[in-house]
Amino acid sequence: MFERFTSDARAVVRGAVEHSERVGSQAVDAEHLLLALLDREASRASFALASLGLDDRKESVTAALATARRRAGLSQAEADALAGLGIDVSDIVSRIEEVHGVGAMSGDRKDKGWWSGRRTFSRDAKEVLERCLRIALAHRERRIGDEHILLALSARPGVPAEVLADHGVTYEALSRVLYGGSEGEAKAG
C-alpha cells in the first residue's frame with residue numbers, strides 16, 4: 001500500500017515516526033500522524049487545515065493531544081463517561097503522577113536508548129492508514145495523499161478526531177474544503 005502514497009503522505013508517515021521517537025513512544029500512534037500533519041506546509045492537508053482556521057491554533061491542538069496522552073490516551077468523551085460513573089480521571093492522573101512523575105500514564109518509555117530497529121505502528125495508526133486507502137478509492141483516486149490521512153483521522157472515533165472536532169475540523173468540513181460539491185474532483189491542491 002505504501003507505494004500508492006504521494007511524497008506528502010510519505011512525509012507524514014516519516015514525521016509520525018519522528019514524533020514517536022522524540023517522545024520515546026513504543027509505537028507510532030494515530031496522534032503522531034496528526035502531529036506530523038500539523039507540521040506539513042504547502043500540501044493538500046495543510047491547505048484544508050488552514051481553510052478551516054487551524055493554522056493559528058496548532059499549539060492548542062498539540063496541547064490537547066498531550067493532555068489526552070497524559071490520560072493514557074483516553075478521549076475527553078471517555079473521561080466524561082467515567083466521571084458519570086464517579087471516576088475522576090484527572091484525580092487518578094494527578095495521584096499517579098505524584099508518585100511516578102509527569103506523563104507516567106502516557107505509556108512512553110523514559111529510557112530512550114532501548115530501541116533498535118523500526119518503530120511499529122499501533123492498531124489505531126494501522127486502521128487510519130487502511131482507512132485512508134478506502135477514502136482515496138471512494139473518491140476514485142489512485143494515489144493516497146496526506147489529505148486522505150487527515151480525512152481518515154477525522155472519520156475514525158478517538159482522540160485525534162475529537163481534538164480536531166473541538167477545533168472545528170470535522171470529516172464533513174474537510175470533505176467540503178477538499179472536494180466541494182462534485183464527487184471526486186478536488187478543490188484543494
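This passage describes helix α7, the largest nonpolar core and two loop residues of a predicted model. Residues are numbered from 1 along each chain as its sequence is written. In this predicted model, local features need pLDDT of at least 70 and side-chain atom pairs count only at pLDDT 80 or more, while totals for chains, interfaces and linings use all residues, and side-chain values use heavy atoms, with hydrogens and water left out.

Helices (H or I, at least four residues) and strands (E, at least two) are DSSP runs, numbered from the N terminus. Helix α7 comprises 16 residues, 123-138. From its first C-alpha to its last, α7 reaches 22 Å, close to the 22 Å expected at 1.5 Å a residue; the expected span is 1.5 Å times one less than the number of residues. Ala125, Val128, Leu129, Cys132, Ile135 and Ala136 are the buried residues of α7, where buried denotes under 20% relative accessible area, exposed over 50%, and partly exposed in between (1.4 Å probe, protein chains only). These buried residues lie on the same side of α7 because they cover an arc of only 120° around the axis, the arc being that of the directions from the helix axis to the C-beta atoms. Arg123 and Ala138, on the other side of α7, are exposed. The cover over the buried residues of α7 includes α1 (7-23), β1 (27-28), α2 (30-39), β2 (120-121), α8 (146-155) and α10 (171-179).

The largest nonpolar core contains 40 residues; such a core is a set of buried Ala, Val, Leu, Ile, Met, Phe, Trp, Tyr and Cys residues joined through side-chain atoms within 4.5 Å. Phe5, Leu33, Ile149, Leu150 and Leu153 touch the most other members. Two or more residues are given to this core by each of α1, α2, α3 (44-51), α4 (58-70), α7, α8, α9 (159-166) and α10. The largest share, 7 residues, is supplied by α2. Not counting residues up to four places away in sequence, Phe5 touches Arg10, Val13, Leu129, Cys132, Arg143, Ile144 and Ile149, contact being defined as heavy atoms within 4.5 Å.

Most residues other than glycine have a negative phi. Ala42, however, has a positive phi near 60°. Ala42 is placed in the loop between α2 and α3, and counts as exposed because its relative accessibility is 81%. Arg140, also not a glycine, has a positive phi of about 55°. Arg140 occurs just after α7, in the loop between α7 and α8. With a relative accessibility of 75%, Arg140 therefore counts as exposed.
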